[in-house]
Amino acid sequence: MAEKFQPLSVSKLDNDYDVIVIGSGGTGLSAAIQANELGMKTVVLEKEEELGGNTNRASSGMNAAETNVQLQHGVIDNVADFYHETYKDGGRLNDKDMLGYFVYHTAPAIDWLADHGIKLDDITITGGMSRKRTHRPASMAPIGGFLVKSLLEVVQKENIPVFNKVKVNKLLQDDEGKVIGVEANADGLIKTIHAKAVILATGGFGASKEYMKRFRPDLADYKTTNQPGATGDGLKLAEGVGGELMQMDLVQVHPTVQQDNPHVYLIGEAVRGEGAILVNAEGNRFVNELNTRKIVSNAITALPEHSAYLIFDQGIRDHAKAIEFYDKVGLVVHGDTIEDLAKNLNMDPENLKKTVATWNEAVENHDDKEFHRTTGMDRGITKPGFFAIHIAPAIHYTMGGIHINTKTQVLDGNGDVIKGLYAAGEVAGGLHGNNRVGGNSIAETIVFGRQAGQQVTVYARGLK
């Protein structure tokens with residue numbers, strides 16, 4: 001994703017920094033940029049060879065409310081609606097303080113990115129939202145790779161040191177329990193690096209068999225959309241110094257994942273947001289496609305074959321650029337007509353034709369009598385050609401994680417702050433409740449990444 005950016009050689013790794021950021025995804029890079037701009041000597045340590053973590057795999061966009069971009073697109077939104085919809089979609093299990101901080105800081109996060117030349121000028125919608133608040137680049141490129149590449153350009157311009165293949169083994173503490181640095185394995189050498197504060201931006205545990213067996217044994221054999229490094233390292237580091245883990249059984253299964261090949265591909269929610277429908281093996285719809293991920297995943301799992309097909313046309317394809325990539329890697333079935341497509345899917349052509357006709361009528365009248373869908377209905381499935389992608393649910397996101405407060409400070413089992421330790425992004429629990437809304441995780445990386453960068457600065461300035 002970030003071919004041009006060259007991480008530094010381990011020989012350039014200093015023994016002392018103001019701030020150590022562990023992880024190079026959207027959260028880690030945002031935190032590092034923010035701390036650096038506030039005068040902190042900052043370093044980013046990444047254990048994998050590739051930078052960007054799970055952020056590279058994000059495809060839909062970044063949710064934000066009351067932005068100028070929305071107004072430019074004629075969308076009138078308000079932060080309170082964003083709060084209430086996210087709270088409801090999270091089963092009302094969201095940490096209210098974190099959620100409040102989050103929704104009110106999404107619009108400033110869009111502006112902050114724009115100030116750094118990272119413009120998200122287009123908008124779409126995802127499941128569980130009533131309005132278009134999912135911001136993405138005007139090119140409609142998948143948000144993840146675009147964001148990582150853009151943030152790394154800022155990192156390069158600001159000369160923030162980034163090292164890959166450096167794995168942090170443990171956090172160092174002083175006699176009072178303050179976190180004062182890390183012990184890391186850098187190119188086979190064990191290195192001690194001191195700092196005033198450490199930020200955990202290591203992502204979730206969606207690729208960790210160990211954590212799944214411990215907290216969600218029922219999902220232990222599910223495939224995952226996560227990159228192989230999402231093994232919960234930050235959770236282990238936090239637990240090692242008494243950090244509390246919360247809501248660890250809350251794991252999101254993403255409904256639309258192509259997993260017929262050894263490589264698993266997430267088919268972003270934007271495809272449904274732009275108008276695609278889901279049908280079963282008979283060619284019938286069976287769910288409101290833009291209900292929450294939990295509800296849609298459960299509906300697919302309840303089908304006899306535990307899988308379904310996304311159906312869309314060239315008009316939808318024109319508005320979801322990620323489909324070009326899905327097609328390039330061989331995931332998309334084609335048909336000149338709906339009947340053609342049905343034959344290629346071994347489906348009854350008349351049945352699929354009838355399903356699509358009923359759907360097109362619902363779009364025209366803006367009234368989905370069958371499943372009461374009200375969003376993602378800007379266009380029907382009418383423009384040749386016609387396409388399908390075979391999908392099934394897979395582990396996608398871990399809502400649980402390290403217990404933090406709105407200042408991203410890590411808390412122990414008594415609710416006390418572990419001084420010098422901060423966590424943000426998917427490694428932290430509490431924001432999303434029992435279901436993360438599409439587009440909220442990228443927003444979380446920027447909102448809480450920035451907050452972590454600001455709060456470590458406040459803390460470091462206060463140290464004598």
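A residue counts as buried when its relative accessible area is under 20%, and glutamate 46, at 7%, is therefore buried. The model described here is predicted. The domain assignment of the protein chain gives domain 1 (14-206 + 399-461) and domain 2 (253-395), and the points below take up glutamate 46, the nonpolar cores, the contact between the domains, helix H8 and the salt bridges.

**Glutamate 46 and its surroundings**

- Glutamate 46 is placed in the loop that runs between strand E2 (42-45) and strand E3 (62-63), and its side chain reaches the backbone nitrogen of glutamate 48 at 2.9 Å.
- Leaving aside residues up to four places away in sequence, glutamate 46 touches Gly23, Ser24, Leu51, Phe163, Asn164, Lys165 and Val166.
- The C-alpha atom of glutamate 46 is separated by 8.7 Å from that of valine 21, a residue 25 positions apart from it along the chain.

**Nonpolar cores**

- The largest nonpolar core has 100 residues, and within it Leu45 and Ile402 touch the most other members; helix H15 (residues 440-462) gives the most to this core, contributing nine residues.
- A second core, separate from that one, has 42 residues, among them Leu303, Ala342, Ala362 and Phe387.
- The contacts of leucine 45, not counting residues up to four places away in sequence, include Leu13, Ile20, Val21, Ile22 and Gly23, and also Phe163, Val166, Val168, Val182 and Ile193.

**Contact between the domains**

- The centres of domain 1 and domain 2, taken over C-alpha atoms, are separated by 32 Å, and the contact takes 21 residues from domain 1 and 21 residues from domain 2.
- Between them the two domains bury about 1500 Å², with 50% of this area on carbon and sulfur atoms.
- Nine residue pairs are in polar contact between domain 1 and domain 2, counting pairs with both residues at pLDDT 80 or more, and two salt bridges are found across the interface.
- Arginine 136 forms a salt bridge with glutamate 274, in which the closest N and O atoms are 2.9 Å apart.
- Lysine 132 forms a salt bridge with aspartate 378, with the closest N and O atoms 2.8 Å apart; because lysine 132 lies in the loop between strand E4 (122-124) and strand E5 (134-136), and aspartate 378 in the loop between helix H14 (349-365) and strand E16 (386-398), the pair ties together parts that are 246 residues apart in sequence.
- Lysine 132 is partly exposed, with a relative accessible area of 29%, and aspartate 378 is also partly exposed, at 47%.

**Helix H8**

- In helix H8 (residues 233-240) the buried residues are Asp233, Gly234, Leu235, Leu237 and Ala238, and their cover includes strand E1 (16-22), strand E7 (166-173), strand E9 (189-200), helix H7 (209-215), strand E10 (245-246) and strand E17 (401-402).
- Glycine 242, which follows H8, has a positive phi near 90°.

**Further salt bridges**

- The structure holds 27 salt bridges, one of which joins glutamate 370 and arginine 285, the closest N and O atoms being 3.8 Å apart.
- This pair links distant parts of the chain, 85 residues apart, with glutamate 370 in the loop between H14 and E16 and arginine 285 in the loop between strand E13 (277-279) and helix H10 (293-301).
- Glutamate 370 is partly exposed at 45% relative accessible area, whereas arginine 285 is buried at 7%.
- Lysine 369 and aspartate 367 meet through their side chains in a salt bridge of 3.2 Å, N to O; lysine 369 is exposed, at 65%, and aspartate 367 is partly exposed, at 36%.
- Asp77, Asp81, Glu85, Arg131 and Arg133 are joined into one network by salt bridges that share partners.

Key:
Residues numbered from 1 in each chain as written. Predicted model: local features only at pLDDT ≥ 70, side-chain atom pairs only at ≥ 80, totals over all residues. Heavy atoms only, no water. Core = buried A, V, L, I, M, F, W, Y, C linked by side-chain atoms within 4.5 Å. Buried < 20%, exposed > 50% of the residue type's maximum accessible area, 1.4 Å probe, protein only. Helix = DSSP H or I, 4+ residues; strand = E, 2+ residues; numbered from the N terminus. Contact = heavy atoms within 4.5 Å. Domains from an automatic or database assignment. Buried area = accessible area lost by both parts, 1.4 Å probe. Salt bridge = Lys/Arg side-chain N within 4 Å of Asp/Glu carboxyl O. Polar contact = N/O pair within 3.5 Å; in protein donor to acceptor, adjacent residues only side chain to side chain.
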